[in-house]
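Me: Could you pick one part of this model and look at it closely with me? I'd enjoy a connected walk through it, followed by whatever you find in the rest of the fold.

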Amino acid sequence: MLDRRALLAALAALPLAPALGRRAVAAESGLVRIGYQKNGILVVAKQQGIIEKRLEPLGRSVRWVEFSFGPPLLEALSLDGIDLGQTGDAPPIFAQAARSNLVYAAAQEAGGSGAGILLPKGSEIRSLAELKGKRVAFAKASSAHNLTIAALEKAGLSYADIEPLTLAPADAAAAFARGSIDAWTIWDPYFAIAEQGEGVRVLVRATDVTPQNNFFLASRPFAERQGPALTAVIAALGEVAAWCMQNRGAVAELLSQGTGVPLAATRRAVDRTDYVIGPMTDRVVAEQQRVADRFHALKLIPKPIRIADAVWTAPARNG
């Protein structure tokens, strides 16, 4: 049976996004505020303290702020609650469409590959086409939202062919555990926890549907005023990423210790993650533009956006 207690415990440990007014959190001199989620490179960096070491010569310190998933993180970014953070592909698209003043600082290609569509115990669904008319849960404006739409396209279905249930991970986990939804699109580590449940089946994995990139995003004012600090953070994360690729066992232990997610599930998530961090190449920008166009075509964002307009260029070094 699905280890409901492990899944719900992991989700329950996630804090809600901070309640922020537009002027509730003022920028503090010398402080870099980083938003992170319950998985990935930022958690490892936090555990190792490598960003703090990189920023110390610049007279900067770090405050870490945890979020349940991407949209609340970017809402905090928009409200000046944090300076930078990491999300999947969809959240920055919705944020940019809402005129959030953000920039893409770096990409983790295929960083969101640990995701998929899960079926509960006893489900008779055997193919993507059989999702027609079914209740499919996912977090609104998240990478799971994009994966759901892309999976429907792959099956020749439209968004109107399903009953979309936009639920935050904790609510979706509870609905999935009690069998009140037909399918759940979710990412690691929740995907890794849930897929081990007795009778739970993976209908499709993200790797069989569409590229799912992760991004490191910053507020435009922070990027413009604190370019050297942002450059230092990205360089530090590049070091962490290289270490992660060579030390997956240690990564799993660090993530499990830092998040409380069971080690076995964390190992599954780590083993299928590509930790390479790179710049916003033309290929990455083009793929992200396809995602944005997909959401606009469905009228899920009110107007077309241009991803290239939000790509940050690191300041040139002297010498």
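Reply: Gladly! One definition before the packing angles: an axis is a line fitted to C-alpha atoms, taken for a helix over the stretch in contact, and an angle between 0 and 180 degrees compares N-to-C directions. Please keep in mind that this is a predicted model.

Let's take the sheet as our part. It is an open sheet of 5 strands, and reading across it gives β7-β6-β8-β5-β9, with mixed pairing. The edge positions belong to β7 (163-166) and β9 (201-205); each has a single partner strand, so one side of each is left without a neighbour in the sheet. From one strand to the next, the twist averages 25°.

The β9 edge is a good place to zoom in. Its pairing with β5 (residues 115-119) is antiparallel and runs over 4 bridges. One residue pair to find on your screen is Ile-117, whose bridge partner in β9 is Val-204.

Now add the helices. Helix α6 (residues 143-154) lies across three strands, β5, β6 (135-138) and β8 (183-187), and its direction is at about 130° to β8. Helix α7 (residues 169-177) also packs on the sheet, where it touches β5, β6 and β8 and makes an angle of about 140° with the direction of β8.

From β8 we can step to the internal space, since Trp-187 is among the residues closest to the centre of the largest cavity, together with Gln-37, Asn-39, Asp-188 and Asn-214. The structure holds 1 cavity of 30 Å³ or more, and the volume of the largest cavity is about 410 Å³. Its lining counts 31 residues, which divide into 17 polar, 11 nonpolar and 3 charged. Among the contributors, α2 (41-48), α4 (70-78) and β3 (84-87) each give at least two residues to this lining.

Helix α4 leads on to another space. Along with α5 (90-97), α4 supplies at least two residues of the lining of the second largest pocket. That pocket has a volume of about 230 Å³, and of its 14 lining residues, Pro-71, Pro-91, Phe-94, Ala-95 and Ala-98 lie nearest the centre. The classes here are 11 nonpolar, 2 polar and 1 charged.

Helix α2, which helps line the cavity, takes us to one more piece of packing. It meets α11 at an angle of about 85°, and their axes are 9 Å apart. That makes α2 roughly perpendicular to α11. On the α2 side you will find Val-43, Val-44, Gln-47 and Gln-48, facing Val-251, Leu-254, Leu-255, Gln-257, Gly-258 and Thr-259 of α11. This contact has 5 nonpolar and 5 polar residues, with no charged ones.

Helix α11 (residues 248-259) also packs with α10 (residues 227-246): their axes come within 5 Å and cross at roughly 115°. Angles of 65 to 115 degrees count as roughly perpendicular, and α10 and α11 are therefore roughly perpendicular to each other. From α10, the contact uses Trp-243, Cys-244, Met-245 and Gln-246, and from α11 it uses Arg-248, Ala-250, Val-251 and Leu-254. By class that gives 6 nonpolar residues, 1 polar and 1 charged. Val-251 and Leu-254 are worth highlighting as you rotate the model, as they take part in the α10 contact and in the α2 contact.

Technical notes: Residues are numbered from 1 along each chain as its sequence is written. This is a predicted model: local features need pLDDT of at least 70, side-chain atom pairs count only at pLDDT 80 or more; totals for chains, interfaces and linings use all residues. Side-chain values use heavy atoms; hydrogens and water are left out. Two strands pair if DSSP finds at least two bridges between them. Contact means heavy atoms within 4.5 Å. On a 1 Å grid over the protein atoms alone, a cavity is a set of points where a 1.4 Å probe fits but cannot get out, and a pocket is an open set with protein on both sides within 12 Å along at least five of seven lines; lining residues have an atom within 4 Å of a point. Grid points are joined across faces, edges and corners, and a volume is the space filled by probe spheres set on the points. Ala, Val, Leu, Ile, Met, Phe, Trp, Tyr, Cys and Pro count as nonpolar, Asp, Glu, Lys and Arg as charged, and the others, Gly among them, as polar. Angles under 35 degrees count as roughly parallel, over 145 as roughly antiparallel, 65 to 115 as roughly perpendicular and the rest as oblique.
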